[in-house]
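Please look through the sequence and the 3D view before reading on. The notes that follow are about charged side chains that pair, and about a part of the surface.

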Amino acid sequence: MGNVINLNRFRKRVAREASAKQADANRAKFGRTKAERSSEAKQADQAKEHLDQHRIDREEQP
């Protein structure tokens, strides 16, 4: 006779492994470090400020 296998335990293990694979894919696709996020935000702020400095304000004519 073979060993008895608990199918619930097997199903849960397979589900955990699938979830781990999906998490790895999501980390590669969406994951960025805090330093990368703050650097990007800083660059965006600097670019906006640069554009605002070169804005020409014209008065509306009736």
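Which kind of contact do the side chains of Arg27 and Asp24 make? They meet in a salt bridge, with a distance of 2.3 Å from N to O. Please keep in mind that this is a predicted model. As a general background, side chains of opposite charge can pair when their charged atoms come close.

**Salt bridge in helix α1**

- Arg27 and Asp24 are three residues apart in helix α1, which means that about one helical turn separates them.
- Arg27 has a relative accessible area of 53% and is therefore exposed, because exposed residues are those over 50%.
- Asp24, the partner of Arg27 in this salt bridge, has a relative accessibility of 44% and so counts as partly exposed.

**Salt bridge between Arg32 and Glu40**

- Arg32 forms a salt bridge with Glu40, and the closest N and O atoms of this pair are 2.5 Å apart.
- Arg32 counts as partly exposed because its relative accessibility is 40%, and Glu40 likewise counts as partly exposed, with a value of 45%.

**Salt bridge in helix α2 and its network**

- The side chains of Lys48 and Asp52 meet in a salt bridge in which the distance from N to O is 3.3 Å.
- Both residues belong to helix α2, which covers residues 34–53, and because they are four residues apart there, they are separated by about one helical turn.
- Lys48 counts as exposed at 53% relative accessibility, whereas Asp52, at 32%, counts as partly exposed.
- Lys48, Asp52 and Arg55 are joined into one network by salt bridges that share partners.

**Count of salt bridges**

- When a salt bridge is taken as a side-chain nitrogen of Lys or Arg within 4 Å of a carboxyl oxygen of Asp or Glu, the count comes to five salt bridges.

**Nonpolar patch on the surface**

- Ile5, Leu7, Phe10 and Val14 form a nonpolar patch on the surface, and together these residues have about 390 Å² of accessible area.
- Val14, one of the residues in this patch, is found in helix α1, which covers residues 7–30.
- Val14 has a relative accessibility of 39% and so counts as partly exposed, because that class lies between the buried residues, under 20%, and the exposed ones, over 50%.

Methods:
Residues numbered from 1 in each chain as written. Predicted model: local features only at pLDDT ≥ 70, side-chain atom pairs only at ≥ 80, totals over all residues. Heavy atoms only, no water. Patch = residues over 30% accessible without salt bridge, like charges linked within 9 Å, V, L, I, M, F, W, Y side chains within 5 Å. Areas by Shrake-Rupley, 256 points an atom, 1.4 Å probe, with all protein chains shown as cover. Helix = DSSP H or I, 4+ residues; strand = E, 2+ residues; numbered from the N terminus. Buried < 20%, exposed > 50% of the residue type's maximum accessible area, 1.4 Å probe, protein only.
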